Amino acid sequence: MSNGSFPPTPRRLGGTLVIVLAVLAPVCFAGWLVWRSMDEGETGAPGTPPLAAPSVAGPSATRDDGRREDPAGPGRPPSPGRTPGERALRGEVVVVDPGHNPRNRDHTAEIARLVDVGTHRKECDTTGAATNAGYAEAAFTLDVSRRVRTLLRERGATVRLTQDDDRPYGPCVDERAAIGNTARADAAVSVHADGAGAGQRGFHVILPASVRGGGADTSAIAGPSRHLGDSLVRRFSEATGSAPANYLGGGEGLTVRDDLGGLNLSTVPKVFIECGNMRDSKDAALLTDARWRQRAARGIADGITDFLRGKR
């Protein structure tokens with residue numbers, strides 16, 4: 001300009017703004033970092049990934065054999081849906097005796113021989129009963145006994161079967177008792193199904209009479225066996241909805257016998273349970289139903305569990 005003054009030009013104004021912004025930007029960024037670090041002090045250190053939202057597990061699955069699968073997976077704390085009393089039977093020994101043997105029918109001569117049952121001599125074993133349609137008691141007792149074993153093992157018990165379809169026949173009634181005695185079982189249960197007439201329905205538990213003679217002496221186990229029997233009657237009825245037998249036991253579901261070698265020769269608390277009558281069509285419909293057999297197994301396992309807890 002001709003007057004000699006030098007007003008700022010647009011170019012120089014832009015340069016000043018650039019300089020100011022260059023100075024302020026680091027300061028603002030540093031302030032933001034300080035604020036951010038203070039904020040993160042409530043939720044976690046910088047770089048910490050956010051916590052996952054808690055998952056809601058669905059109901060535990062039930063397998064075909066009645067066992068419950070915990071959605072938490074193995075090695076994790078059990079969910080509330082698992083069987084009460086998990087591991088409660090640790091250290092307890094239970095012998096489960098599946099009545100008869102599916103192969104006894106092929107060894108009629110062997111099972112007919114007499115064995116000493118203390119007070120008298122009796123057949124080694126029998127083939128057992130069957131439904132009118134041919135479902136064998138031996139098949140029923142083995143299936144239920146295996147289910148009982150699974151349930152009791154889940155609760156921590158050591159369980160042994162007297163036979164697991166791993167023998168050509170038997171064992172004989174005296175050996176069945178000896179297996180429980182040798183194991184020093186805390187409880188032994190022989191699983192059966194009756195072969196009474198049509199119209200005679202329901203279950204019952206057989207208790208050992210107090211007998212002494214020969215190799216039989218149940219004086220020490222008659223009382224505890226009664227407690228075991230009471231527990232089984234109560235729990236079996238609750239689990240299955242079945243009523244005690246209408247043809248013996250006076251409707252209480254308990255009978256006492258002195259002629260069964262498996263009881264006479266036992267030195268540990270032991271009972272038999274007749275889960276129903278295979279010759280009655282209504283009972284047979286239950287006995288041949290796998291879902292009902294699972295309930296029967298649970299009733300037996302619960303009865304044994306109650307007895308073992310009560311003796312402590």
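Q: Why is D165 called partly exposed?
A: The relative accessible area of D165 is 28%. Buried means under 20%, exposed over 50%, and partly exposed in between, with a 1.4 Å probe and protein chains only; D165 is therefore partly exposed.

Q: On what basis are such statements made?
A: This is a predicted model, in which local features need pLDDT of at least 70 and side-chain atom pairs count only at pLDDT 80 or more, while totals for chains, interfaces and linings use all residues. Residues are numbered from 1 along each chain as its sequence is written, and side-chain values use heavy atoms, without hydrogens and water.

Q: What makes the backbone of D165 notable, and where does D165 lie?
A: Phi of D165 is near 60 degrees, a positive value in a residue other than glycine. D165 is placed in the loop between β6 and α4; helices (H or I, at least four residues) and strands (E, at least two) are DSSP runs, numbered from the N terminus.

Q: Which peptide bond in the model is cis, and how do you know?
A: The bond joining G170 and P171 is cis, with omega of about 5 degrees. P171 also belongs to the loop between β6 (158–161) and α4.

Q: Is H100 buried or exposed, and why?
A: The relative accessibility of H100 is 9%, so H100 counts as buried. H100 is in the loop between β3 (93–98) and α2 (108–112), and has a positive phi of about 70 degrees although H100 is not a glycine.

Q: Why is I304 called buried?
A: I304 has a relative accessible area of 0%, and is therefore buried. This residue lies in helix α8.

Q: What does I304 touch beyond residues up to four places away in sequence?
A: I304 touches V94, L152, A187, V189, L228 and L232, where contact means heavy atoms within 4.5 Å. The C-alpha atoms of I304 and A187 are 7.2 Å apart, although 117 residues separate the two along the chain.

Q: How do helices α5 and α8 pack, and which residues make the contact?
A: Helix α5 (residues 222–240) and helix α8 (residues 290–310) pack at about 145 degrees, with axes 7 Å apart. Axes are lines fitted to C-alpha atoms over the stretch in contact, and angles run from 0 to 180 degrees between N-to-C directions. Among the contact residues are L228 and L232 of α5, and I304 of α8.
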